[in-house]
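Hi,

Here's the structure I promised to pass on. Have a look at it first, then read my notes on the salt bridges underneath.

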Amino acid sequence: MRPRLVLFGDSITELSFADGGWGAALADHFSRKADVVLRGFSGYNTRWALRVLGRAMESAAVGADPAAVTVFFGANDASLPDRKQVHQHVPLEEYQSNLRDICAYFKEQWPSTKIILITPPPIYELARIRDMYGEDDPSKLPERTNEAAGTYAQACLTVAKELNHPVIDIWTKMQQFPDWQTSALCDGLHFTPFGNKILFDCVLETLESIGFSQGSLQADLPLFHDIDPKNPLKAFGV
């Protein structure tokens, strides 16, 4: 079987196979050499993700252990407990506990799989007000804040260090770019093509750090230019 990469997360993972998405870019990058399996669930937090984890991974678990799995939750957990999306909020300590349990599940089911944690992204609050209420109303309050997202990002980093898993700090990385609020985010939360490119580059770099790169993989069937025009079937062992 081809090596597999499993992407597990919320809407930012679910949307990663859309045009310009970071998951689609990974599938294109590793085309003919590895399969990218999408398991994104819009609106989910770690509490809900943990509840459905077994069912979500049933078909992804066929065959050999995946090479790596990304765990990208926290944007919804960090929704504020006194705002409009209160039902998505998960307290910080529970968020960390859920991340540990998700990682433990993967370690038990897929012992050789590398687990890559991704922090929640930054939040542009003015755009969140516009997205939630349809207008730029200064009297309205966003359901998420960048400060809260940063707190959950730090909590994710702490868990990754504790468990010795690779981690991508997209909260910090994205804010290093000029005008990230509008260049990298389309609605204050979800990614523009540029935001997707930032994460794609980070994932590639992290995969390379664990020894998984395009150059280290072989195509599982003969490439077109390796097929002898005078005896094509020879390449297939016929």
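Let's start with Arg144, which counts as buried at 4% relative accessibility (buried means under 20% relative accessible area, exposed over 50%, partly exposed in between, using a 1.4 Å probe and protein chains only). Its partner Glu143 is buried too, at 1%. The two form a salt bridge, with their closest N and O atoms 2.4 Å apart; the term means a side-chain nitrogen of Lys or Arg within 4 Å of a carboxyl oxygen of Asp or Glu.

Quick background: this is a predicted model, where local features need pLDDT of at least 70, side-chain atom pairs count only at pLDDT 80 or more, and totals for chains, interfaces and linings use all residues. Residues are numbered from 1 along each chain as its sequence is written, and side-chain values use heavy atoms, leaving out hydrogens and water.

Glu143 and Arg144 also belong to a salt-bridge network with Arg128, Asp131 and Asp187. Within that group, Arg128 and Asp187 pair up at 3.7 Å between the closest N and O atoms. Arg128 sits in helix α5 (residues 125–133) and Asp187 in the loop between α8 (180–183) and α9 (193–209), so this pair ties together parts 59 residues apart in sequence. (Helices are DSSP runs of H or I, at least four residues, and strands are runs of E, at least two, numbered from the N terminus.) Both Arg128 and Asp187 are buried.

Now try Glu162 and Arg100, whose side chains meet in a salt bridge at 2.8 Å, N to O. Glu162 is partly exposed at 47% relative accessible area, and Arg100 is partly exposed at 30%.

In the whole structure, the search finds ten salt bridges.

Cheers
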